[in-house]
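The following exercises are to be worked with the sequence and the coordinates at hand. Each task is followed by a solution in steps.

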Amino acid sequence: MLKVLSGNHSAAFGALLSRINFVAAYPITPQTQIIEKLAEFVDNGVLNAKYVRVESEHSAMAACVGASSVGARAFTASSSHGLIYMAEMAFWASASRLPIVMAISCRALGPPWNIGNEHTDILALRDSGWIQIFAESNQEVLDTVIQAYRIAEDERVLLPVMVGLDAFTLSHTSEPVELPNQETVDHFLPPRSDKPYLLSPENPFTFGNMSNPTEHMELRFMHHTALRDAKNVILEADKEWESLFGRSYGGLLDEFMCKDAEVVIVVIGASSGDAKEAAVVLRKEGIKAGVLRIRVIRPFPSEEVRNLLSRVKAVAVVDRDLSPGSGGILVSEVKSALYNLRCRPFVKGYIVGLGGRDVTVGDYLAIFRRTLKSYEEGDVQEDWFNLNLEVLEK
Amino acid sequence: MLYEIRFHGRGGQGVVTAAELLVKAANVEGKWGQSIPFFGAERRGAPITASARFSDAKLSIHSQVYNPDLVVVLDKKILDFMNVTQGLKREGSILINSPSHFSVMKDSAYKTWLVNATKIAEELGLKMAGWTIVNTAMLGGVIRIFNWIRLSSLIEAIKSNWVGQVGELNAKAAERAFEEVQIA
């Protein structure tokens, strides 16, 4: 059944179909519709979950940590300032190895106050030890929330997952979405197991106590390897999802006409659809263009990126984010993945669309063309795309 | 087929809902559409826009609409201070909520359609917090001009959006506008 849903409501339906039984949330634009829809589901009786209205995002994650520790399938959603405020507890949740899922309608950070689309919020938490998956469409938002629980609760993983969606570009945009059948979802995602341990008075354990330098490093090594090896579980989930519902998102990467490409745009999020459209236009002109959408940011698919880009002439990495003083976050990940190749492609970074500035098919056409020109000229300087000089000179 | 529509109205007039309802109407027929609201610092009464994009096949693009085929104006006062035809395709159309005798966009090269959505909504008692709600009436006019989605599909989308009397009245508004819309 196709239903017209916004990205936010797609996330809420994903949580409903996952049969979550705990929500703790605090509203923030542009994700508020997610938790409002979930409140409606609980109120209507379609969702049997404990819904806790907390006073902050920090408490929302703290409550999810508690609920997940005793075996609940816990969900929350946040964005921008809310996510950054939650950061302390986000680190706590992942190092506690709790399979919480959180949707993030990715938005710029102030000041100045801005509610527009930007990925700096989720990427600021890339080192928080969570799995991070980013969607291109509302359908992928819904499907990924369900897949996220399957991945998070796998005994080889036991880590929380963030599902990213672009503010407004997905969160408030409505398009037809296929609602998966509940019975098939239940088959894909059985109830959470009580393995390997739950917090319980009958079987008391203590968690998160003081650790000594003698074992702290080993615990971090286990966290790191579990996160790194989650790649296989993410791929398995994508494959099984495809066999059940006929939809695959490529697992770690969504590769579009990259195999024989001479120029490739690497990008995160919904505007990859516009980049693909630009690649189609250029192919008609005889330019071999491709698009590589990074679907999974953590664990970063370094080997896969390396394999796909090793034979490409020129690569444009498009960042809708900024690490001030360094530059684009994605471009540094991609460059680091490519470094050990004997023969590396040309890489040029672009900063685009900060604070909700739209990125169009025309913009991606310009980026493809500029990258080929920069390749010829050897111009590797980071390009702030379409900066308004009048504003700068004021 | 790619057809893009931009709605101009004021915050609280149901502009975003109009774009979404039209996509729901297309979905009734299994046709693909996407509604794209534009958000800034909105508040009640401020001029706002929302867009909708329709296609025979699913599209993966998500950028805003810049070159619409149709511009829909829910409040004609907006024409006084805003260039609503910006980016409108050369062969594009404009639909304005206006009495038929009111001459607007006279020297416009675009095909201009008028429907008195305010009168229709007022006669049907479509009011919310003191405001006459014209969005569903405007959609009746859109269906007539766009000619790609059936009126019955819009009625179905409206009735599943609002159950009972509210749905009935909004459906009636769309039906009346579909009949009454005319070229200026």
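Helices, of at least four residues, and strands, of at least two, are DSSP runs numbered from the N terminus. The model is predicted, with an ipTM of 0.95 and a pTM of 0.97.

**Exercise 1. Describe the fold and dimensions of chain B.**

Step 1. Chain B contains five helices and nine strands. Their order along the sequence is β-α-β-β-β-β-β-α-β-β-α-α-α-β.

Step 2. A compact globule of 184 residues would have a radius of gyration near 16 Å, and the 15 Å of chain B therefore agrees with that expectation. The C-alpha trace of chain B extends about 40 × 35 × 35 Å along its principal axes.

Step 3. Buried residues make up 46% of the 184 in chain B. Among contacts in chain B with a separation of 6 or more, 59% join residues 24 or more positions apart.

Step 4. As to confidence, chain B has a mean pLDDT of 93, and 95% of its residues reach 70 or more.

**Exercise 2. Carry out the corresponding analysis for chain A.**

Step 1. Chain A has 13 helices and 15 strands.

Step 2. For 394 residues, a compact globule would have a radius of gyration near 21 Å; chain A has 21 Å, which agrees. Along the principal axes, the C-alpha trace of chain A spans about 70 × 50 × 50 Å.

Step 3. Of the 394 residues of chain A, 53% are buried. Pairs 24 or more positions apart supply 80% of the contacts in chain A with a separation of 6 or more.

**Exercise 3. Determine how the two domains of chain A meet.**

Step 1. Chain A divides into domain 1 (2-245) and domain 2 (255-393). Their C-alpha centres are 28 Å apart.

Step 2. The contact between them draws 26 residues from domain 1 and 21 residues from domain 2.

Step 3. On the side of domain 1 that touches domain 2, the elements giving two or more residues are helix H5 (120-124), strand E6 (131-134) and helix H8 (213-245) of chain A. H8(A) gives the most, with five residues.

Step 4. By class, this side of domain 1 holds 12 nonpolar, eight polar and six charged residues.

**Exercise 4. Analyse the contact between chains A and B.**

Step 1. The contact involves 23 residues of chain A and 15 residues of chain B.

Step 2. On the side of chain B that touches chain A, helix H1 (15-28) and strand E2 (32-37) of chain B each supply at least two residues. E2(B) gives the most, with five residues.

Step 3. The residues on this side of chain B comprise six nonpolar, seven polar and two charged.

**Exercise 5. Which residues touch the most other members of the largest nonpolar core?**

Step 1. This core has 176 residues, and those touching the most other members are A:Val163, A:Val264, A:Ile265, A:Val266, A:Phe368 and B:Met138. H1(B) gives the most to the core, with nine residues.

Step 2. Both domain 1 (2-245) and domain 2 (255-393) of chain A give residues to this core, so it lies between them.

Step 3. Beyond its neighbours within four places in sequence, A:Phe368 contacts A:Val263, A:Ile265, A:Ala278, A:Leu282, A:Ala289 and A:Ala316.

**Exercise 6. Is A:Phe75 buried or exposed?**

Step 1. A:Phe75 lies in strand E4 (residues 74-78) of chain A.

Step 2. A residue is buried if 20 or more other C-beta atoms lie within 10 Å of its own. A:Phe75 has 31 C-beta neighbours inside 10 Å and therefore counts as buried.

Step 3. Apart from neighbours within four places in sequence, A:Phe75 is in contact with A:Ala15, A:Ile20, A:Phe22, A:Val23 and A:Val101.

**Exercise 7. Examine the backbone geometry at selected positions of chain A.**

Step 1. Most residues other than glycine have a negative phi, and most peptide bonds are trans.

Step 2. The peptide bond from A:Gly110 to A:Pro111 is cis, with omega near -10°. The bond from A:Pro111 to A:Pro112 is also cis, with omega near -5°. A:Pro111 is in the loop between strand E5 (101-106) and H5 of chain A, as is A:Pro112.

Step 3. A:Phe168, not a glycine, has a positive phi of about 65°. A:Phe168 is in the loop between strand E7 (161-166) and strand E8 (174-178) of chain A, and it counts as buried because it has 27 C-beta neighbours inside 10 Å.

Step 4. A:Asn386 likewise has a positive phi, near 60°. A:Asn386 is in the loop between strand E15 (383-384) and helix H13 (389-393) of chain A. With 13 other C-beta atoms within 10 Å, A:Asn386 is partly exposed.

Terms used. Residues numbered from 1 in each chain as written. Chains lettered and ligands numbered in written order. Predicted model: local features only at pLDDT ≥ 70, side-chain atom pairs only at ≥ 80, totals over all residues. Contact = placed C-beta atoms within 7 Å. Nonpolar A, V, L, I, M, F, W, Y, C, P; charged D, E, K, R; others polar. Rg over C-alpha atoms; globule rule 2.2 N^0.38 Å. Buried ≥ 20, exposed ≤ 12 C-beta atoms within 10 Å, placed from the backbone. Core = buried A, V, L, I, M, F, W, Y, C linked by C-beta atoms within 7 Å. Domains from an automatic or database assignment. pLDDT = per-residue confidence, 0-100.
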